Amino acid sequence: MASCPASLPRLAPPSAHPQSHGPSRRRLPLRARLAAGLAAMLLAGPAAAAPDPALLGDRQAFIADLLGQMTLDEKIGQLRLISIGPDMSRERIANEIAAGRIGGTFNSVVPADNRAMQNAAVQRSRLKIPIFFAYDVVHGHRTIFPIGPGQASSWNMQAIERGARVAAIEASADSLDMTFAPMVDIARDPRWGRTSEGFGEDPYLVSRIARAMVRGYQGDATSRRDSIMASVKHFALYGAVEGGRDYNVVDMSPMRMYQDYLPPYRAAIDAGAGGVMVALNSINGVPASADTWLLQDLLRRDWRFGGVAVSDHGAIKELIRHGVARDDREAAKLAIRAGVEMSMADELYLNELPGLVKSGEVPIADIDRAVRNILGAKYDMGLFHDPYLRIGRAADDPPDLYAESRLHRADARALARESLVLLENRNRTLPLRKNAILALVGPLADSPVDIMGSWSAAGRGTNPVTLRQGMEAAMRGQGRLLYARGANVTDDPALVEYLNQLNWDTKEIVQDPRPPAEMIAEAVAAARRADVVVAAVGESRGMSHESSSRTTLDIPASQRALLAALKATGKPLVLVLMNGRPLDLREASATADALLETWFSGTEGGNAIADVLFGDYNPSGKLPISFPRSIGQIPTYYNHPRVGRPFTEGKPGNYTSQYFEEKTGPLYPFGYGLSYTSFSLGDLALSSPVMARGGRIGARITVKNTGDRAGATVVQLYVRDESASVVRAVKELKNFQKISLEPGEERIVHFDIVEDDLKFFNARLEHVAEPGAFEVQIGLNSQDVERARFELH
Ligand code: NOJ
């Protein structure tokens, strides 16, 4: 039990705290803030039982000193991360914190609430150790940015970093210290609903994004007031759950793990991510939460991770259902011994670790190691220097947390525009004229909740600009916009019920009660009066979320019926797709004249989509994940290993690797996306036919804008290892540049290729480049490429 001896003086109630923060607190130098913060803590009790301010300059000594003062129960209390929700009253939470039984919380985003909890920690607990406040700030906090695949479609690392920076600024202003992001699970099976949270199928692109996001969240230092600590997730391999079914097992060869799935986590850690969230899945028979190899040998020893490892929600208890622990006690023992340091939303550590330590089954060294890392994270977040660093003082609390002035709309619109991918544009249907009569239909055309996407953090349903609003604003004073909903997202009552039960405060799906035929008739009537029809169709946000795996990638039947009726009007048909994962678009692509993939594009989504529809922004997005032709074709990732009998386009014949009743290859490949202008590629030239060990060669290619509009495109560099000691991928992305060109302009794009770009994990898991031939490919998507060869000597 955490002790709070009756003889220790107690501090005054919470409201007494703020003297330590003068109005100019935010401008005070670190040293002064440090003294102010500690003064607040020390007011409460004797120096012997509290962080020692004299040691604050020395992280290690400070933590060692503090650890030395802690009882076993206080140590175990630090390992507990609770979810703030209806389960526990505020009073009970404050008492638990005061008793030293909680190390951090998540899901509370209101500064006043968090202040009260921090008061309990630094004024009422014996050791005055601050708690931290975390949240799932995944694609924005109050301003919602496009979901992961959308951000990845921009291939713009500065814009992605800026999105994470904005999220950190907003989240820290709401008193948050940590986010459970970035989510960098490689996703190659779009049946998995959480495809919507990550950045696609490619290890190189996702690794680049992982670094950008960590830099954005953490800024120059995690101790800055406007930084939040990044906890990369879900470690590891969660995206490879069998069959794309959420929470399922992962079974994977070590080579594939190292080559394709682990690099993004490593990239986030190398970029300084202070936290890691352990995945819910098992890997090759061992649940990640009990995997000593994963959490110690790989993460700590090989990757030198020095931060904190947090469990996922209830994961420690789930070790029982995985069938590797008999009971709570064994589950707690397995997890702490493996290296899970904070237990999220279960009480197993709290209840079981005291006994396990006393019986000697869990060495105190394991507990101390965990506490050291948790205290280290708090130190790095600046909380020992000032427990109220991000909470601030009550007098400065924003009068309206939801005020428009707290949003960063311009940043959101900029990234959202770049996240849109033009998949088809027959007869130059797009861009549209603003002075036209347009019919806008579809269940997603005016749905603010859906456009925010699945982890909309503190985003509110009243903030987003819907497509309808965006188009109306763009057309104001010019043409006319006729709107009809046309269909519900789905007419399947079981689906609606399921989606409404997902873990949200809002009722997600609000059905239009009219009969489908009546809604379609209304939409068709609008279409008949219009020059062009724009249909916003796809998934509700809950359909692409945690626990939302699907057996089909179809646009639901209610919407397909609407599309068929619209097609029958003969009017040009533009589909604006909103979805969190690749869909099966064979039918849609045959039906529509133009197809724009918009993912879930966030707070400014409607404006951004309107920018593209009307040509105020020329689309430049490129897919970060292949779109299969059908669900049976999965997986369709572009960088698949070579086979002995490859299918060759244009050379029909049997006994090759293909599905015989369907065209081979994805419908839309990785890296693909059109523009309103056209680009041509010249010949690819290498600076030398030979690369020496440790050397480099240059690759250059001329890119020309051959159309009549300025536009941006992504020049992609792939490498193919022609022969090696193990089977290698058909090609792998190694670099890219996003460039903008005026009409008629041409530019020579240069890439350096170095030996590291040729390395792979061999059968002994050594990271090596083997001598021999390599093919360099450069293209504006992964399929249509220019080629040149060189040898590594
Ligand atoms: C469970 C999810 O798997 C994880 O991504 C999330 O961070 C936690 N819940 C907390 O919300």
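This is a short talk on one predicted model, going from its ligand site out to its two open sheets.

Hi everyone, thanks for coming. Please keep in mind throughout that we are looking at a predicted structure.

Let's start at the ligand. Which residues are around it? The list runs F106, D136, F180, R194, K233, H234, M277, D312, H313, M344 and E546. Three of those residues put a polar side-chain atom close to a ligand oxygen, and here are the distances. For K233 the distance from a polar side-chain atom to an oxygen of the ligand is 2.9 Å. For H234 the corresponding value is 2.6 Å. And in D312, an N or O atom of the side chain sits 2.6 Å from a ligand oxygen atom. How much of the ligand's accessible area does the protein cover? On its own the ligand has 300 Å² of accessible area, and the protein covers 93% of that.

Now look at the strand with residues 229-235, which is β5. Is β5 buried or exposed? Seven of its seven residues are buried, so the strand is largely enclosed by the rest of the structure. Its neighbour β4, residues 178-179, runs parallel to β5 and is joined to it by two bridges. If you want to find the pairing on screen, M178 has M229 as its bridge partner in β5.

Carry on from β4 towards α8 and you come to a loop that holds I186. This isoleucine has 0% relative accessibility, under the 20% cut-off, so I186 counts as buried. What does I186 touch, leaving out residues up to four places away in sequence? Its contacts are G200, E201, D202, P203, V206, G239, A240, D260, Y261 and P264. There is also a nice sequence-versus-space example here: I186 and P263 are 77 residues apart along the chain, while their C-alpha atoms are 9.5 Å apart.

Two of those contacts, D260 and Y261, take us to helix α9, residues 254-261. In α9 the buried residues are M257, Y258, Q259, D260 and Y261. Their cover includes helices α8 (203-218), α10 (263-270) and α11 (292-302), along with strands β7 (282-283), β22 (732-741) and β24 (760-761).

Next along is α10, where P264, Y265, A267, A268 and I269 are buried. So P264, which we just met as a contact of I186, is among the buried residues of α10. What do these buried residues pack against? They pack against α8, β5, α9, β6 (275-278) and α11. After α10 comes G272, with a positive phi near 105°.

A quick stop at helix α7, residues 157-173, where you will find R165. Is this arginine buried or exposed? With a relative accessibility of 14%, R165 counts as buried. Its side chain makes a polar contact of 3.5 Å with the side chain of S227. Beyond four places in sequence, R165 is in contact with G216, Y217, Q218, G219, R224, D226 and S227.

Now to the sheets. One of them is open, with six strands in the order β11-β16-β15-β14-β12-β13 and mixed pairing. Why do β11 and β13 each have a side without a neighbour in the sheet? β11 (421-425) and β13 (480-484) stand at the edges with a single partner strand each, so one side of each is left free of a neighbour in the sheet. From one strand to the next, the twist averages 20°. Further in, β12 (437-441) and β14 (532-538) run parallel and are joined by four bridges. One pair to look for is L438 with V532 in β14.

Two helices pack on this sheet. Helix α18, residues 467-475, touches β12, β13, β14 and β15 (573-578), and its direction makes about 165° with that of β13. Helix α20, residues 516-529, touches β12, β13 and β14, and its direction also makes about 165° with that of β13.

Finally, five strands form another open, mixed sheet, ordered β19-β27-β26-β21-β22. The edges are β19 (690-691) and β22, each pairing on one side only. You may recall β22 as part of the cover over α9. It runs antiparallel to β21 (711-721), with nine bridges joining them; V719, for instance, has E732 of β22 as its bridge partner.

That's the tour. Thanks for listening!

Key. Residues are numbered from 1 along each chain as its sequence is written. This is a predicted model: local features need pLDDT of at least 70, side-chain atom pairs count only at pLDDT 80 or more; totals for chains, interfaces and linings use all residues. Side-chain values use heavy atoms; hydrogens and water are left out. Two strands pair if DSSP finds at least two bridges between them. Axes are lines fitted to C-alpha atoms, for helices over the stretch in contact, and angles run from 0 to 180 degrees between N-to-C directions. Contact means heavy atoms within 4.5 Å. Buried means under 20% relative accessible area, exposed over 50%, partly exposed in between (1.4 Å probe, protein chains only). A residue is near a molecule or strand if one of its heavy atoms lies within 4 Å of it. A polar contact is a pair of N or O atoms within 3.5 Å; within protein, one must be able to donate a hydrogen and the other to accept it, and residues adjacent in sequence count only if both atoms are side-chain atoms. Accessible areas come from the Shrake-Rupley method with a 1.4 Å probe; for residues, only the protein chains shown count as cover.
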